[in-house]
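Open the model in your viewer and keep the selection panel at hand. Each stop below says what to select and what you will find there.

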Amino acid sequence: MGRQQILEDINKDALKTDLPTLSIGDTINVHARIVEGEKERIQVFQGVLMCRRGRGINETITVRRIVDDIGVERTWPLHSPIIAKFEVVRRGDSRRAKLYFLRDRVGKSRRLRDRRRKMHHIAGEGTTQGRK
Amino acid sequence: MSFVIAGKKIGMTRVFSETNQSIPVTVIELFDNVVTQLRSAEKDGYTAVQVGYDEVKPRRSTMSMIAHDHKAGTTPKRHHSEFRIADTSEYTVGDSLGVDKLDGVHFVDVIGTSKGKGFQGGMKRHGFKGQQATHGVERKHRSPGSIAGHGSNAGKSGRPKKGKKMSGHMGDERVTMRSLDVIRVVADKNMVLVKGPVPGANGSVVLMRPAVRLYRSKAAKAAG
């Protein structure tokens, strides 16, 4: 077995298999576990999926939302057990893989069009691994 | 000192702990470490265990080495090394040392050969600060500065002191990483996951032994 295969073999069990299809531009809910003292609760962070980077267990996602007129971006490892669940709220249309231009946008232009084109690539919500 | 076993650095990845933290780990695949010879005080003047590891095609080895390994009842091995141990009675020639030796070991020292960096200046090699970027400094922003003065103790009799840190060849040397946490032992694959980086390129040979000495914080962790 090659070195890369050995590493993938070790990571295999830690990878999430129940991920919904998350495409760039989608508005998503991220259910993150937060530990306060002894108790654990879930905090939901809703925003636009701006960026996916990395491969395999190192893949991370960046989600951007606006809180009190201040842009907030959070980045998580996609396969981190801290995240209990992802939910897709709205499909957004995006022609690029990284939506860094959203940082410069103000007001209405912040919003992305709903995606109607290319929807046929997604065969049933939550089953495929991502838009090709 | 206790035993030393050899392995191959596979590469780095991450694992998630029970507390959901991401831990950077290096994967080390242990070789089949076969005891090929025992050194005794009577015959050799010291006691040690010699192990051979890393399979090699017979035509890549020499007849004398093949015979040496054959005497221990094993296939030809690429590398042989010894570790000193006062009492060799628990080892016999032909024994195979694997991950089971690491039962109950929480911290290990990992020894490897660091990646060669070539000829490097003082800033990269020794962490010198260099000169200022501005205030009249010209064409010597990364120079090491003065190396001696004719009257100073730093270099008596007008010449630099022996061992003065200067630019030169960096890397490609034996480096010991002490007290690395053992995150996981994969027994059926003869693999060990240790926390953090390990010297050398992926695929290179590293040596592993139970930690010789623990830092204070780790000693408390080992006890508790």
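**Stop 1: the interface**

Select chain B and chain A together. This is a predicted model. Across the boundary, 16 residues of chain B are in contact with 14 residues of chain A. The two chains bury about 1,300 Å² between them. Carbon and sulfur atoms give 65% of that area. Now pick Arg14(B), Phe16(B) and Asn20(B). These three residues supply 45% of the area that chain B buries against chain A. No other three residues supply more.

**Stop 2: charged and polar links between the chains**

How many salt bridges are there between chain B and chain A? The count is one. To see that bridge, select Lys189(B) and Asp9(A). Their side chains meet at 2.7 Å, N to O. Polar contacts also cross between the chains: three residue pairs, with both residues at pLDDT 80 or more.

Next, colour chain B by element. Three strands each give two or more residues to the side that touches chain A: S1 (5-16), S2 (22-30) and S11 (191-195) of chain B. Which of them gives the most? Look at S1(B), with seven residues. Recolour that side of chain B by class. You should find six nonpolar, five polar and five charged residues.

**Stop 3: a salt-bridge network**

Stay on Asp9(A) and add Lys12(A). Their side chains form a salt bridge as well, at 2.9 Å, N to O. Add Lys189(B) to the selection. Asp9(A), Lys12(A) and Lys189(B) are now visible as a linked network of salt bridges. Is Lys12(A) buried, exposed or partly exposed? Lys12(A) has 48% relative accessibility, so it counts as partly exposed.

**Stop 4: salt bridges within each chain**

Over all chains, the structure holds 15 salt bridges. In chain A, select Glu59(A) and Arg52(A). Their side chains meet at 2.7 Å, N to O, in a salt bridge. Both Glu59(A) and Arg52(A) are buried.

In chain B, select Glu55(B) and Lys77(B). Here the side chains meet in a salt bridge of 2.8 Å, N to O. The pair links distant parts of the chain, 22 residues apart. Glu55(B) belongs to strand S4 (residues 48-55), and Lys77(B) to strand S5 (residues 77-84), of chain B. Check the accessibility of each partner. Glu55(B) has a relative accessible area of 41%, so it is partly exposed. Lys77(B) is at 2% relative accessibility, so it counts as buried.

**Stop 5: around Arg39(B)**

Move to strand S3 (residues 33-39) of chain B and select Arg39(B). Why does Arg39(B) count as buried? Its relative accessibility is 18%, and the cut-off for buried is under 20%. Show the side chains around Arg39(B). A polar contact of 3.3 Å joins Arg39(B) to the side chain of Asp44(B). Another polar contact, also 3.3 Å, runs from the side chain of Arg39(B) to that of Tyr46(B). Now set aside the neighbours within four places in sequence. The residues in contact with Arg39(B) are then Asp44(B), Tyr46(B), Thr47(B), Ala48(B), Gln50(B), Glu82(B) and Thr88(B).

**Stop 6: the domains of chain B**

Zoom out and colour chain B by domain. Domain 1 takes in 5-115 + 174-223. Domain 2 is 116-171. How far apart do the C-alpha centres of these two domains of chain B lie? Place a marker at each centre: they are 38 Å apart.

How values were computed
Residues are numbered from 1 along each chain as its sequence is written. Chains are lettered from A and ligands numbered from 1 in the order in which they are written. This is a predicted model: local features need pLDDT of at least 70, side-chain atom pairs count only at pLDDT 80 or more; totals for chains, interfaces and linings use all residues. Side-chain values use heavy atoms; hydrogens and water are left out. Contact means heavy atoms within 4.5 Å. Buried area is the accessible area (1.4 Å probe) that two parts lose on being put together, summed over both. A salt bridge is a side-chain nitrogen of Lys or Arg within 4 Å of a carboxyl oxygen of Asp or Glu. A polar contact is a pair of N or O atoms within 3.5 Å; within protein, one must be able to donate a hydrogen and the other to accept it, and residues adjacent in sequence count only if both atoms are side-chain atoms. Helices (H or I, at least four residues) and strands (E, at least two) are DSSP runs, numbered from the N terminus. Ala, Val, Leu, Ile, Met, Phe, Trp, Tyr, Cys and Pro count as nonpolar, Asp, Glu, Lys and Arg as charged, and the others, Gly among them, as polar. Domain bounds come from an automatic or database domain assignment. Buried means under 20% relative accessible area, exposed over 50%, partly exposed in between (1.4 Å probe, protein chains only).
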